[in-house]
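Here is a set of questions and answers on one predicted model. Keep the sequence and the structure in view while reading.

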Amino acid sequence: MKIGEIAKQTGLKIETVRFYEAEGLVPPPIRSGSNYRLYDRSHLDRLSFIKRSRDLGFTLDQVRALLRLADDPRGSCAEADQIAAVHIAEIDRKLADLAALRAEIAQWGGTCTASIVADCKAIDALSH
């Protein structure tokens, strides 16, 4: 299939498919006589793996490591578990940051009774 077809099947943009190729995450496809990229099922599977990993928030380096592990089916699962654990810790940190952000905004957001901006709690809090 051509690049537009594989992009559509994976839900990726054509530029993203090219980017993953350039990054070495996807092996270069064969070229047609007209110099079109021609992708096969293995490309589709790999790009789908990458998209799902990225949708779950894994970094490109983590995806690269997960692909390396996926390429060796006899390898240990421990490294994949470690990558997932690191990612979960990062998600937990982001959730804590968001909770703190929410709490700070909740202290002044929606509670202002001022009638003019000069007396507005929200504007005052953002100004300091």
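Q: With neighbours within four places in sequence left aside, which residues is His-43 in contact with?
A: Contact means heavy atoms within 4.5 Å. Neighbours within four places in sequence are left aside. The contacts of His-43 are then Ile-6, Val-26, Pro-27, Pro-28 and Pro-29.

Q: Is His-43 buried or exposed?
A: His-43 sits in helix α3. Helices are DSSP runs of H or I with at least four residues, strands are runs of E with at least two, and both are numbered from the N terminus. Buried means under 20% relative accessible area, exposed over 50%, and partly exposed in between, with a 1.4 Å probe and protein chains only. The relative accessible area of His-43 is 6%, so this residue is buried.

Q: What distance separates the C-alpha atoms of Met-1 and His-43?
A: Met-1 is placed in the segment before α1, whereas His-43 is in helix α3. Along the chain the two are 42 residues apart. Their C-alpha atoms are separated by 9.8 Å.

Q: What is the relative accessibility of Met-1?
A: Beyond its neighbours within four places in sequence, Met-1 is in contact with residues including Ile-6, Arg-37, Tyr-39 and Leu-44. Met-1 counts as partly exposed because its relative accessibility is 26%.

Q: How are residues numbered, and what limits apply to this predicted model?
A: Residues are numbered from 1 along each chain as its sequence is written, and side-chain values use heavy atoms, with hydrogens and water left out. In this predicted model, totals for chains, interfaces and linings use all residues, side-chain atom pairs count only at pLDDT 80 or more, and local features need pLDDT of at least 70.

Q: Which element gives the most residues to the largest nonpolar core?
A: A nonpolar core is a set of buried Ala, Val, Leu, Ile, Met, Phe, Trp, Tyr and Cys residues joined through side-chain atoms within 4.5 Å. The largest one has 20 residues, and Val-17, Tyr-20, Leu-25, Leu-47 and Ile-50 touch the most other members. Two or more residues come from each of α1 (3-10), α2 (14-22), α3 (41-55) and α4 (60-70). With six residues, the element that gives the most is α4.

Q: What is the relative accessible area of Tyr-20?
A: In soluble globular proteins, nonpolar side chains tend to be buried together. Outside its neighbours within four places in sequence, Tyr-20 is in contact with Leu-12, Leu-25, Val-26, Leu-47, Ile-50, Arg-54 and Leu-60. Tyr-20 is buried because its relative accessible area is 5%.

Q: Why is the pair of Phe-19 and Tyr-20 called tilted?
A: One aromatic pair turns up in a search of the whole structure. Rings of Phe, Tyr and Trp (its six-membered ring) pair if their centres lie within 6.5 Å; planes under 30 degrees apart count as stacked, over 60 as edge-to-face and the rest as tilted. The ring centres of Phe-19 and Tyr-20 are 5.8 Å apart and their planes are at 55 degrees, so the pair is tilted.

Q: Where is Asn-35, the residue with a positive phi of about 70 degrees?
A: Asn-35 is not a glycine, although its phi is positive. Its place is in the loop between β1 (30-31) and β2 (37-38).

Q: Which salt bridge partner of Arg-68 lies in helix α5?
A: A salt bridge is a side-chain nitrogen of Lys or Arg within 4 Å of a carboxyl oxygen of Asp or Glu. The structure holds nine. One of them joins Arg-68 to a partner at 2.5 Å, N to O. It links distant parts of the chain, 11 residues apart: Arg-68 in helix α4 and, in helix α5, Glu-79.

Q: Which residues form salt bridges with Arg-93?
A: One partner is three residues away in helix α5, with the closest N and O atoms 2.6 Å apart. Another is four residues away in that helix, at 2.5 Å. The partners are Glu-90 and Asp-97.
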